[in-house]
Amino acid sequence: MSDIAARRWLFLILVLMSTAAAVDKLYQVLRIDGVDLFEFLFLALFGILFGWITISFWMAVFGAFARLTSATLLPLKEAPTPSTSRTAILMPIYNEDVARVFSGVQAIFDSVAGAGGFDFFILSDSTEPQNWIAEEVAWQKLRASLEPDARLFYRHRHRNIGRKSGNIQDFCENWGSHYDYMVVLDADSLMSGETLTSLVRLMDANPSAALIQAPASLVGRSTLFARIQQFASTAYGATYTAGLAWLQGGQGNYWGHNAIIRVRAFQQHGGLPKLPGKPPFGGEIMSHDFVEASFLLRAGWEVWMAPDLTGSYEEPPPTVYDHLKRDRRWAQGNLQHARVILAQGLKFPSRLHLAMGIMSYLSSPLWLLLLVVSALEMFVPAGIVPFSHVGQHTDLALSVSQETPLLQLVTATLVLLYGPKLLALMVLLADPAAAKAHGGAANILRSVVLESVFATLFAPVVMLTHSWFIFNIVIGRATGWGTQTRDDRALPLWLVIREYWPHTVIGLLCGYGLYRFAPQSLGWFVPLLLGLVLSIPMVWITSSLKLGAALVRDNLFLSPSETGVIPVLKRAHQLLERRGAEAKILDYRELVLDDPVVRTLHLRLLEEVPPPEAEPSPQLLLLVEAAKRRDTRAFTRQDWVTLLSNPEGVGEAARGAIGG
Amino acid sequence: MDRELDLFQGEFTPASVPPRRPAAMPAQPIVPWTLARVTVASLDWLMAETVPSLPAPISTTTKRRV
């Protein structure tokens, strides 16, 4: 039996045995007075949820073991000679902040300078005309500031078919054949030149690898929430990714960005079908990455993760609100995988990845259901009357005969929930350089304790919000794929109250209900109720930039990007500041009409990537006439797109303006 | 309107994209299987990955006697 097979079997056995033991323990408690319907449901839900947290726990145990024994996590060697391969670095964007995008691209471009073989593509799907023209101008400015032979391209797609995966597919179909590999980025991704070069050399030396994922560390934001996320990502991430890499081997997953992909394999096997039926479960596949990885594996290619390649970064959402807004889309995308998970020919690990993605969101309503069932169970007359309680705490009631096994189950659950953090802490403290980069042992301990408190309070808010998302998805309400908020921002209090008053009210009502009807059980629910009741202040306070900065001074939640210098990140921030200081153009759309340089640029780009042909419509003629008079105040977004997509219309509107 | 007077310092760089080299990217099929078939296939995969393969039989005709 190979090493990886032995690890997988051991993992499977440990997960199944721990879950079975816990379910059996609970069954022994429940069977005393017979198992009624509620209890049966409770047992089933408990089994699923306990199994779910058991997976995370054992994954962390494997990861910690691998880290502490310096196990080989990526058994691939890099090619020893410089690469002659050609690699396209792709930055797909959709109505993103233009200055941020181009600062990031330029920072990566500078970082990889001299390596050779890299071409950069900014692949715009922007539907906002203001963004579209601003991107053209920013590209031209950046291009003009580089060497004449610098290969940095810009393409605007006129029809946003297939969202991000459609954008990448359009690249593969039109320009992919020029390249051996492509590195897909996200609008907030950064990668160092060294990491990109390593990825290329790994691909060169391993022709059966179709994709290598470089896990991204969270960096660059300053709100308290983002800083907590950044700390958790770098402090616990090494253990988590080690566990995952050690178990998945060459049958890994794709996380949508910061990964290198063999273009030929992707062209042949990465094309996504449309699912039958309407969204949210049918139509275009929203969360494309897991599905693309499963297709590559199905075709016999390998998909790896390189957990030790640092130099791969992304930015977290700045606030709880933004984090959960992103989760709405991810929840829909992951639930849609229910349509894919039973597809013919997929490898077992791909099905596991898809199942775990679904469970990340489905676990919330299941947890909620578990709580509802346990609350209802309290109203069923108990067969055994005498009650005890934990120590002197009369609000932590237990049936006398159930005391020991129930306490064992609670302890086991706590170990499973907090054990991974402790294991990751152990791994972090065992590495002096990593510990120093997080502010030293004492600061790490303080940060882990506070992060655990925050995570505990945050969990019920996530549970309730995800449950609401899933309810909406199940009844058929689809969501779009909007632009994310990526900049630091402190949330206004009214917005937080508007979004989180239901959580607060539900927390208060449940607390009152328990106090009134089952006071003996109130103590068990305090952490959960506290999170809900405090959701408004918690979301509001953690969006604070000032508090984020104050806790840096207090050495809390420090991560390597704050204690040291990451050159590519520093460069991106410098460039962004410089761009921010430059004169702001209020309306790029009108600039196309008013400024011959911008207009010439725009028309040339339209020539190179022409919009779909359309007959001149009466609407276009009206728009041109209005634009000639500069009467564009009433123009809608679509009006501008119609005008700016028509070279003749743009020319005529500009001539009219000049003539007038 | 504010203008950026030094918008372009150099020449235009006309090629925003390299020449196209079209390649079809076919949509991959998703043909649903039953849970039973998936379970059997998954077990097959697990066993194939994990059960040590038997050594190839030694041919008695070519086996060198020592």
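The following legends describe close-up views of a predicted model.

Local features are given for pLDDT of at least 70 and side-chain atom pairs only at pLDDT 80 or more, whereas totals for chains, interfaces and linings use all residues. Residues are numbered from 1 along each chain as its sequence is written, chains are lettered from A and ligands numbered from 1 in the order in which they are written, and side-chain values use heavy atoms, without hydrogens and water.

**View 1. The largest nonpolar core and a second core apart from it.** A nonpolar core is a set of buried Ala, Val, Leu, Ile, Met, Phe, Trp, Tyr and Cys residues joined through side-chain atoms within 4.5 Å; buried means under 20% relative accessible area, exposed over 50%, and partly exposed in between (1.4 Å probe, protein chains only). The largest core holds 72 residues, and F120(A), L152(A) and I212(A) have the most contacts inside it. Helix α3 (residues 98-112) of chain A supplies the largest share of this core, eight residues; helices (H or I, at least four residues) and strands (E, at least two) are DSSP runs, numbered from the N terminus. Another core, of 31 residues, lies apart from the largest one and includes A232(A), A424(A), F458(A) and V461(A). With residues up to four places away in sequence left out, L152(A) touches V105(A), F109(A), F120(A), I122(A), W139(A), L142(A), R143(A) and L146(A), where contact means heavy atoms within 4.5 Å.

**View 2. The open seven-stranded sheet of chain A.** The strand order is β3-β2-β1-β4-β8-β6-β9, with mixed pairing; two strands pair if DSSP finds at least two bridges between them. Strands of a sheet pair through backbone hydrogen bonds, in either the parallel or the antiparallel sense. At the edges stand β3 (152-156) and β9 (302-305) of chain A, each with a single partner strand, so one side of each has no neighbour in the sheet. From one strand to the next, the twist averages 20 degrees.

**View 3. Helices α3 and α4 on the sheet of chain A.** Helix α3(A) packs on the sheet and touches β1 (87-93), β2 (118-124) and β3 of chain A, its direction making about 170 degrees with that of β2(A). Helix α4 (residues 129-145) of chain A lies across β1, β2 and β3 of chain A and runs at about 165 degrees to β3(A). Axes are lines fitted to C-alpha atoms, for helices over the stretch in contact, and angles run from 0 to 180 degrees between N-to-C directions.

**View 4. Strand β8(A) and its two antiparallel partners.** Strand β4 (residues 181-184) of chain A pairs with β8 (residues 259-262) of chain A in the antiparallel sense over four bridges, and V184(A) has A259(A) as its bridge partner. Strand β6 (residues 209-213) of chain A also pairs with β8(A) in the antiparallel sense, over three bridges; here I260(A) is the bridge partner of I212(A). Both faces of β8(A) are covered, with A259(A) and I261(A) buried on one side and I260(A) and R262(A) buried on the other.

**View 5. The surroundings of R155(A) in strand β3 of chain A.** R155(A) counts as buried, because its relative accessibility is 1%. A polar contact of 3.0 Å links the side chains of R155(A) and D170(A); such a contact is a pair of N or O atoms within 3.5 Å, and within protein one must be able to donate a hydrogen and the other to accept it, while residues adjacent in sequence count only if both atoms are side-chain atoms. Leaving out residues up to four places away in sequence, R155(A) touches residues including I122(A), D125(A), F171(A), W175(A) and V609(A), as well as V17(B).

**View 6. The loop between α8 and α9 of chain A, with P280(A) and S287(A).** The loop runs between α8 (263-269) and α9 (288-298) of chain A. The peptide bond from P279(A) to P280(A) is cis, with omega near 10 degrees. S287(A) counts as buried at 7% relative accessibility. The C-alpha atoms of S287(A) and N334(A) are separated by 6.3 Å, although the two residues are 47 residues apart along the chain. Their side chains are joined by a polar contact of 3.5 Å. Outside the four nearest places in sequence, S287(A) touches W330(A), G333(A), N334(A) and H337(A).

**View 7. Two arginines with positive phi, R163(A) and R630(A).** Most residues other than glycine have a negative phi. Phi is near 50 degrees in R163(A), which is placed in helix α5 (residues 163-174) of chain A. Phi is near 60 degrees in R630(A), which lies in the loop between α23 (618-628) and α24 (637-644) of chain A. R163(A) counts as partly exposed at 23% relative accessibility, and R630(A) counts as partly exposed at 24%.
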